[in-house]
Amino acid sequence: MATIPVGEQEINDRFGPHLSAMTGTRLSTSVQPDRLVKTHCCFCGQQCGIQLKVLNNEVIGFEPWEEFPFNKGMLCPKGVKRYLQGSHPDRLLTAFHRDPSAAAGFSPMPYQQAIARTASEIARLQAAYGAGAVGVLGGASLTTEKTYLLGKFARVCLKTPFIDYNGRLCMVSAGAGNKKAFGVDRVTSPWADMIGTSVIWVAGSNVAECSPITTNYLWQAREQGAKIIIQDPRITPIARTCDLYLPVRPGRDAALFAGVLQIMIERDWINREFIDAHTSGFDSVAEYCREWTLARTAEVTGVPQRSLMQAAEWWGTASSSFMLHARGIEHHSNGVQNTLGAINLVLASGRIGEPHSGYGTIVGQANGQGGREHGQKCDQLPGWRDISNPEHRAYIAGVWDINEAELPGPGVDAYEMFRKIDTGEIKGLLSICFNPKVSLPDNAFVTRCLEKLEFFVAIDFFLNDTARHADIVLPGSLHEEDEGTATQVEGRIIKVNKAVDCPGEARQDWRIIQDLAAALGRPKGFTFTEPRAIFEELRLASKGGVADYSGVTYEKIEREMGVFWPCYSHDPATGAAIADHPGTPRLFQPGSYNPIAKGAGRFYFPDGRARFNVADYRAPIDDASDEYPIFLTTGRVVSQFLSGTQTRRIGPLVKQYPEPRIELHPRLAEKLGVVDQDWVTAETRRGEITLRASVVTTIRPDTIFIPYHWAGKKSANQLTVAAQDPISKIPQYKVCGCRVRKAEAPPARDARLEAQQ
Amino acid sequence: MKPDHLHFFIDPSRCIGCQACVQACSECDTHRGDSMIHLEYIDRASSIQTVPVVCMHCDQPTCAEVCPADAIKRTADGVVQSARKPRCIACGNCVSACPFGVPEVYEERKIMMKCDMCYDRTSEGRKPMCATVCPSQALFYGTRDEIERLRPQSTPINRFQFGGQAITTRVFVMAPRGLAGLAPHLDVTAAMDEYAPARPLALKMAAAADPFDDVEI
């Protein structure tokens, strides 16, 4: 039974989101901290270094960590205020169980009892319906140790194939594209390499708001002469001063890349020598691009011909370059093709692996990189091994000391798991670090599925919107209450350090998972005593895989302020032990060796060649139409993060941007008879939302934008479409058809509802 | 004492409006909970451009000159301090007079508070909070050599013309190198006049062509 036990507002009243504030010791001028703990921000994929001020087992503030090489003390507002998630009134200090008779719908219960009940429910469901009746949802904000343990727990303890994670909503299109083109999925270069490059193309990334620290790298590159090209339907803060703005119509990125490549081919702005020596598949791509004439590309993409020509010339004739992209081109039912289109431009330029030249996706989540490498993905085993590959299975079964035959096969993506809940195949769910009720598209469907679960257990530090459906909530740990590693945007493995203990009966997440394994009577393989021990096993499990961490130690990470994988304990060519491998800051350098190509070439395929892939343009599913004539696109604001479980509880961040607004162009506003601040209703085939208008000239007139961090009636994902990329299974958050009208009346809201709720 | 060789530089062209500066300012030990700086949109309806507003630390601070209570002091190292508590009468003269729009009266506390360049930090040779965290480095704290090496496209300027009033400041604004070569000061009032004749250094950029002109709805 997983319906919400009482009204949403009754739950809000007890569990929030309420706002934390700078009070008490956090405000006092005379208080000195006991110590400063060097660690990282808990939010985005850049993993900025930060020092937390700790006094009496409480984080009371921060100091910039200027020595950390990536951000050198820089932080965005989320990093500055991250410490206010601690000592929070909403913090879960005990386990809870669903209790409709309680005013807030949940009653506290002793931790061990909650573990026992969870184990018995899982055992009951699996006995009655089979191991696959229970699914696991993980997240990419967890440390790599936790993601590794969670994958192992699902496969070894629960023996279910059904595990997937919220990275499915984030970087899987890039990952799939990278694997198809390069055989490895990681950014090629440290960001510092951008400084000195001659052109940077940013496709579908609102860098200023979603990865703010990257801005300084862009600006610094520009100071040294780089031209900046921005491809986006909105004039984002970095687009404002870029050298070339490509105002692409939402969902047309593959067409844009094909058209630009066609110009490059026509003008011979491609590196044929590199293409011949280091790639395969170019001819079919060239054949495909032939249909993308300048006129047609401009017609489809909405980008003027002169701008397409300028982009092709700058990119085609540059001496060095960076191509960066993010969810703007990836969050599409054509997301992998969009990624491949960008990669085709990179390969055609022949500059990959050269100095000051790089390519990569800007990951969104804290451990967006590390969280997608070690086995919480449905088809994956640690070290980026493939769960369908017999050799890979045998190796990991050996590390885990189980019979290979016991290892389940591939599961399904996170959204498909909900469809399996809907059809009754999955009846029990364990979720951590995932808030699908806010973050998945068409979330009315997600809610219906949650209501069908026979048993749902959530591990969380705050009661997030999805956990409201839980039968049992287990109190997990905040970022600063545990240690471990994460791998940030550049492929740099960093060390997260513990600053304070878990409060009350809250536990470190990995302990909770192990407690469940013990209560299920299958503790073997789940008796780690500290994260370091998990990491040591992970090193071994990753050894010989593409994402090889075998040469990484906690000490090495701290000493070198980050280590780039692959980092080997044994030379992949000779098998000889290496005392202190330097890691691999740059991929694909001329003459570089990798364990797949074995010297045949730079790229991670047996022949060492990168692959051109035909990057087919397909119109979005549920595209703008006569009935729904406007494009809806969604994204972030700088002061909020993902589904807002943390950031909607931090007072100063909520104050910065309290509630979502609908951003629309004055020409559209005029047509609708709307002025700034009016209530506006946007409607798609899934649902509608009424929010205040923000009338600005910085968005395409045929497009509206809604940020997605809020829940309930303020959730943008009431509107988005559950169309998914056929390869990566990423949902199409960045475009669907909608219609917009001036609202008949302000939305009816409970008088107690606060802005962030 | 703030070391002489370290300076504060503002480059609004880099600003991304993230408010990390404002949020970090409120963390400073001496005024925790309140920010002494603010961030302005120039005109959000027509542009995403924002400008961080920190105190410019004038050599002859107008705020101090108009203060009837003599509450605003300038330290020997050139930092104009927040109003002194026993003296400030919260009259707001400084708010009206400051040509840069910096001071604010905090009504609840009955006092004017403004950016003091994180004097607790800068007087010990450390960077101010805002310039340390700024993700775009629109706010930069360092030496003249560093800024010249890091920002070859622009030049620091610290002379401003407001009608008849010429002001020099301790804080520098980065201006495009070509324009700054023509006149090493910013004529602020002239730039506010839409019909002014051609001038050596304008604040306003020529209106760019609307990239969405062709978009049909």
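Which elements of chain A do the buried residues of H16(A) pack against? They pack against helix H4 (144–157), strand E14 (380–381), strand E15 (385–386) and helix H21 (531–542) of chain A. The views below start with that helix. This is a predicted model, where local features need pLDDT of at least 70, side-chain atom pairs count only at pLDDT 80 or more, and totals for chains, interfaces and linings use all residues. Residues are numbered from 1 along each chain as its sequence is written, while chains are lettered from A and ligands numbered from 1 in the order in which they are written.

**View 1. Helix H16 of chain A has a buried side and an exposed side.** Helices here are DSSP runs of H or I with at least four residues, strands are E runs of at least two, and both are numbered from the N terminus. In H16(A), residues 390–400, you'll find His392(A), Tyr395(A), Ile396(A) and Trp400(A) buried. These four lie on the same side of H16(A) because they cover an arc of only 130° around the axis (the arc is that of the directions from the helix axis to the C-beta atoms). Over on the other side, Pro390(A), Glu391(A), Ala394(A) and Gly398(A) are exposed. "Buried" takes 20 or more other C-beta atoms within 10 Å of a residue's own, "exposed" takes 12 or fewer, and "partly exposed" is in between, with C-beta atoms placed from the backbone. Right after H16(A) comes Asp401(A), with a positive phi near 55°.

**View 2. Ile200(A) sits in the largest nonpolar core.** A nonpolar core is a set of buried Ala, Val, Leu, Ile, Met, Phe, Trp, Tyr and Cys residues joined through C-beta atoms within 7 Å. This one has 291 residues, and Ile200(A), Val260(A), Val473(A) and Cys130(B) touch the most other members. Helix H9 of chain A (residues 253–266) gives the most to this core, namely nine residues. Now zoom in on Ile200(A): leaving aside neighbours within four places in sequence, Ile200(A) is in contact with Met194(A), Leu218(A), Ala221(A), Ala226(A), Ile228(A), Phe322(A) and Leu324(A). "In contact" means that the C-beta atoms of two residues, placed from the backbone, lie within 7 Å. In soluble globular proteins, nonpolar side chains tend to be buried together.

**View 3. Chain A meets chain B.** Here 49 residues of chain A are in contact with 36 residues of chain B. Several elements of chain A give two or more residues to the side that touches chain B, including strand E3 (58–64), helix H2 (77–81) and helix H24 (666–672). H7(A) gives the most to that side, with five residues. How do the residues on chain A's side divide by class? They come out as 25 nonpolar, 14 polar and 10 charged. For these classes, Ala, Val, Leu, Ile, Met, Phe, Trp, Tyr, Cys and Pro are nonpolar, Asp, Glu, Lys and Arg are charged, and the others, Gly among them, are polar.

**View 4. Domain 2 of chain A touches domain 3 of chain A.** The domain bounds come from an automatic or database domain assignment. Domain 2 covers 95–169 + 368–535, and domain 3 covers 172–361. Their centres, taken over C-alpha atoms, are separated by 36 Å. Seven residues from domain 2 and six residues from domain 3 make up the contact. On the domain 2 side, that's one nonpolar, three polar and three charged residues.

**View 5. Two cis peptide bonds in chain A involve Pro17(A) and Pro566(A).** One joins Gly16(A) and Pro17(A), with omega about 10°, and Pro17(A) is in the loop between H1 and E1 of chain A. Another runs from Trp565(A) to Pro566(A), with omega near -5°. Look for Pro566(A) in the loop between strand E21 (563–564) and strand E22 (610–611) of chain A.

**View 6. Lys159(A) and Asp442(A) have positive phi values.** Most residues other than glycine have a negative phi, and most peptide bonds are trans. Lys159(A) isn't a glycine, yet its phi is about 55°. You can spot Lys159(A) in the loop between H4 and strand E7 (163–165) of chain A. Lys159(A) counts as partly exposed because it has 17 C-beta neighbours inside 10 Å. For Asp442(A), phi is near 50°. Asp442(A) lies in the loop between helix H18 (436–439) and helix H19 (443–452) of chain A. Is Asp442(A) buried or exposed? Asp442(A) has 22 C-beta neighbours inside 10 Å, so it counts as buried.
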